[in-house]
Amino acid sequence: MGSLLPILDLNASPNPSQPATAAVALKVPKIEPKAEPYDDPLPPPPPPQTTPQPPLDLFPNPQITPPVAPPADQDTVYSEFHRIQELFHTAFAKGIQNCDGGGGGGGGDEDGVVLDPESGAIVPVEDASQKQQLAEVVQRKKYPQRSNELVRVTDLREEDHRYFREVVRKTRMLYDSIRINSIAEEDRKNPGQGKRTRGDLRAASVLRDRGLWLNRDKRIVGSIPGVYVGDLFFFRMELCVVGIHGQVQAGIDYLPGSQSSNREPIATSIIVSGGYEDDEDAGDVIIYTGHGGQDKFNKQCAHQKLEGGNLALERSMHYGIEVRVIRGRKIQSVVSQKVYVYDGLYRILETWLDVGKSGFGVYKFKLLRIEGQPEMGSSILKFAESLRSKPLTVRPRGYLSLDLSQQREKIPVRLFNDIDADQDPLYYEYLRAPAFPTHVYHQSANGTGCECVNGCNQNCICSMKNGGEFPYDQNGFLLRGKPVVFECGSFCRCPPSCRNRVTQNGMKHRLEVFRSRETGWGVRSLDLIHAGAFICEYAGVILTREQAHIFSMDGDSLIYPHRFADKWAEWGDLSQIYPDYARPTYPAIPPLDFAMDVSKMRNVACYMSQSTTPNVMVQFVLYDHNNLMFPHLMLFAMENIPPMRELSLDYGVAVADEWTGKLAICN
C-alpha cells in the first residue's frame, strides 16, 4: 500500500516540510490545469537547441556609427497622422457584436453599439436600427445542465434489460454511423490531405444538438441500464453520449457539492488509464491516485488537495456509494490509439495522503471490485491477446483443430470444445466461398467494369453503380447499408488494393468456433472488431428453387437468404438526425429466389447463433458476376464487438415457421 502518513491539511501547508536547521530555496513550478489526457496523447516536447548562438552585436565596428534618420518633412507627418486617424475611426465603426452576452468587452448598455465613421466621434452613439440588427444575431445554443438528482436503478425485469440494451445499442450505432460518414465526407471534400476531422467530436455534437445523449435527466449511481460489463468504447465522447462517464477530460465524474442536496460532492465513476505515475492496478484491487497537481506533460509538480473529485471520492467512501470503473488501454487500431473498457462496480475502502514518486503529496484511494459481476473486460482483452500468440500454452486442453479451414482462409479458424466430446464441425468440408450454379457466371460473361488502373475515384463506373458513392471508407468500414453493394470485380482494371474490394479479400479477424452450453456451437473473435467492419462471408452450396424444393422433401435444413432480417437498413440510418432522410433503395434488387445448403459443405459463418438483437448483419454484395438474383451474403459488424464475445445473426426465424433456425442446422 505504500507508506502511510497522517491526514495533513495540504491546503494550508502546500510545501513539503524541511529541517529547521537548513533553509532551502524551493523552486515553485508553473502549474497548468490538467485532468485526464485526451484520446490522443500530446507529443513529447522537442529537444532544446544545443548549438551555441553567437551574441548579437549591433555595432561590430566601433568606428562605424548607426545611420541617423533624416528629419521628417512636416507635411509627411500630418498626412501620416490623418491616415492613422482614419484607420482608427474605421476600425471602431465596425462595431462590437457580443453573441454570447459576455464577450471580450465590458458589457453593459454599450455592448453592440457602433460608431459613425463620418461623425469623427470616439464616444458611441445609440442607434435603434443598429440595435435591431444586433437583436437578429443568432445566439449560440445553450445546452441544459446535467441533472443534480442521484438515483440508483434496481429491480429491472428481463424485458426492461432488453429494452435499455436496445436503446444503448441503437444510440451507439448512430454515433458510429455519424462518425464514419463525417470522416468520409471530409475525405471527399479534401482528398489526399493529411489532417482529418475529428469524427468522434462531430458525432457527439450532432447527437447532443438533437437531444439524443442518454441518461442526462438523472445522475445514475451504480450500473447504467443497457451497458454491460466488458463493453468497449473507442472515444471519451462516446462515454459521455451513453452516460457512463460524464466528463470529457477529467478522470473523476462526480456531482459537485454546489448541486448536491447535502452540499457534499459524490463520485459516480472513474477512469483508470495510466495518467498518474502513482496508480497501482491489480484488477480486482486498485490504488487510485486523485487528480490535480500535474503539468501538461503528466508530471506531478504540486501537492494534491482534498477538493473537487478527490473530496467526492472520499465522501462516496464515507456513505458507502459504489463507483463505476472504466479502464483505458492502449491498442493498435486505425480508429483510435486507446480503447475504454467498462469493468463494473467498485467500492472505496480507504483513503490516505501519501508522498508520490515525484516527492509531492497525493491522495490515494483503495478500491475493491464488488463480487458477483461478470468477468472484467480488461482481463478478457489481456487473455485474448495471449491466446492469439500462445494458444496451446494458455489453453492446453480443448482444441480440436488450430485451423478448421485447412488453410483455405488467409487466417486460421480454430475449433475449441472443453464441454463434451462432440467433434461435429470436423466432418464437414470447409468452403471459403459459396458454390454458385454455373449458369450464374455464364449470364455475366459480358460484364462491365471500371478502367481505374491506379485505383478508383468518385467518378468511376463502379461508384455510379452504388448510387454515385463508394460503399466503404478508407479503412474498409461500411458507410451505410444498401439493398446491394457493387464491388470492383474481375471486369475491373483497378488493383487488388482498391478501396472497393473489401469483402473479396477475405477475413481479417481471427475467428474461433467453440462449443457453448446455451447455443450448441457458436462463433467468437479473438480480435476486437470495429463497428462497420467486414467479418466473413456466409458460404454454402447455392440451390435454385427447384433444387431447394427437392432437398426440403428429404427433410434437410436449408438457409433462405431472403429470410434474413433487413438489419442492413439500420446501419447508417440517420432518420433521427435528418427528418427528410430516406432509406436507401438504390441499387434495387429483385426478390431472392434461391436457398443455401450447408448440410455437407459450409464455412465458419454457419455456426453463428440466432438472435433478435444481433451484433452482425447481412449485406448483399456482387463482385465476381452481375446476376442480381444470386448475390453474396457478406457479414458486417453492427457494433464494436469485444474479443471472446459470441457473434450472432438474425436468421428471421420469427417469420419462418417451417424452418427451425440455426440450432437445427449446426447440431
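**Exercise 1. Work out how the residues lining the second largest pocket divide by class, then find where this pocket sits.**

Let's start with the classes: the lining of the second largest pocket splits into ten nonpolar, ten polar and ten charged residues. Keep in mind that we're looking at a predicted model. Next comes the space itself, with a volume of about 780 Å³. To find the spot in the viewer, pick out Q332, S333, H509, L528 and H530, which are the closest to the centre among the 30 lining residues. Now look for the elements around it: β8 (323-330) and α7 are the ones that give two or more residues to this lining. Of these, α7 supplies the largest share, three residues.

**Exercise 2. Describe the largest pocket: its volume, its centre and its lining.**

Step one is the volume, and here the largest pocket holds about 1,200 Å³ of space. Step two is the centre: 44 residues line this pocket, and R165, Y228, V229, P374 and R645 lie nearest the middle. Step three is the elements, where two or more lining residues each come from α3 (158-189), β9 (338-355), α7 (377-389) and β22 (609-610). The biggest contributor is α3, with six residues. Step four is the classes, so to speak the flavour of the wall: 19 nonpolar, 15 polar and ten charged residues.

If you spotted α7 in both exercises, well done: α7 gives residues to the lining of the largest pocket and to that of the second largest one.

**Exercise 3. Put the strands β18, β19 and β20 in their order within the sheet, and say which ones are at the edges.**

A reminder before we begin: strands of a sheet pair through backbone hydrogen bonds, either parallel or antiparallel. In this open sheet of three strands the order is β18-β20-β19, with antiparallel pairing. The edges are β18 (541-543) and β19 (558-559), each of which pairs on one side only. Now zoom in on one pair: β19 and β20 (residues 595-597) are joined by two bridges and run antiparallel. For a landmark, find L558, which stands opposite D597 in β20.

**Exercise 4. Step back and sum up the whole chain: what are its elements, how much is buried, and what does its surface expose?**

First, the elements: the protein chain has twelve helices and 25 strands. Second, burial: 46% of its 667 residues count as buried, with the cut-off set at under 20% relative accessible area. Third, the surface: the chain exposes about 35,400 Å², and carbon and sulfur atoms supply 53% of that. Last, the contacts: among those between residues at least 6 apart in sequence, 71% join residues at least 24 apart.

Notes. Residues numbered from 1 in each chain as written. Predicted model: local features only at pLDDT ≥ 70, side-chain atom pairs only at ≥ 80, totals over all residues. Heavy atoms only, no water. Helix = DSSP H or I, 4+ residues; strand = E, 2+ residues; numbered from the N terminus. Buried < 20%, exposed > 50% of the residue type's maximum accessible area, 1.4 Å probe, protein only. Contact = heavy atoms within 4.5 Å. Areas by Shrake-Rupley, 256 points an atom, 1.4 Å probe, with all protein chains shown as cover. 1 Å grid on protein atoms, 1.4 Å probe; cavity = no way out; pocket = protein on both sides within 12 Å on 5 of 7 lines; lining within 4 Å. Points joined across faces, edges and corners; volume = space filled by probe spheres on them. Nonpolar A, V, L, I, M, F, W, Y, C, P; charged D, E, K, R; others polar. Pairing = 2+ DSSP bridges.
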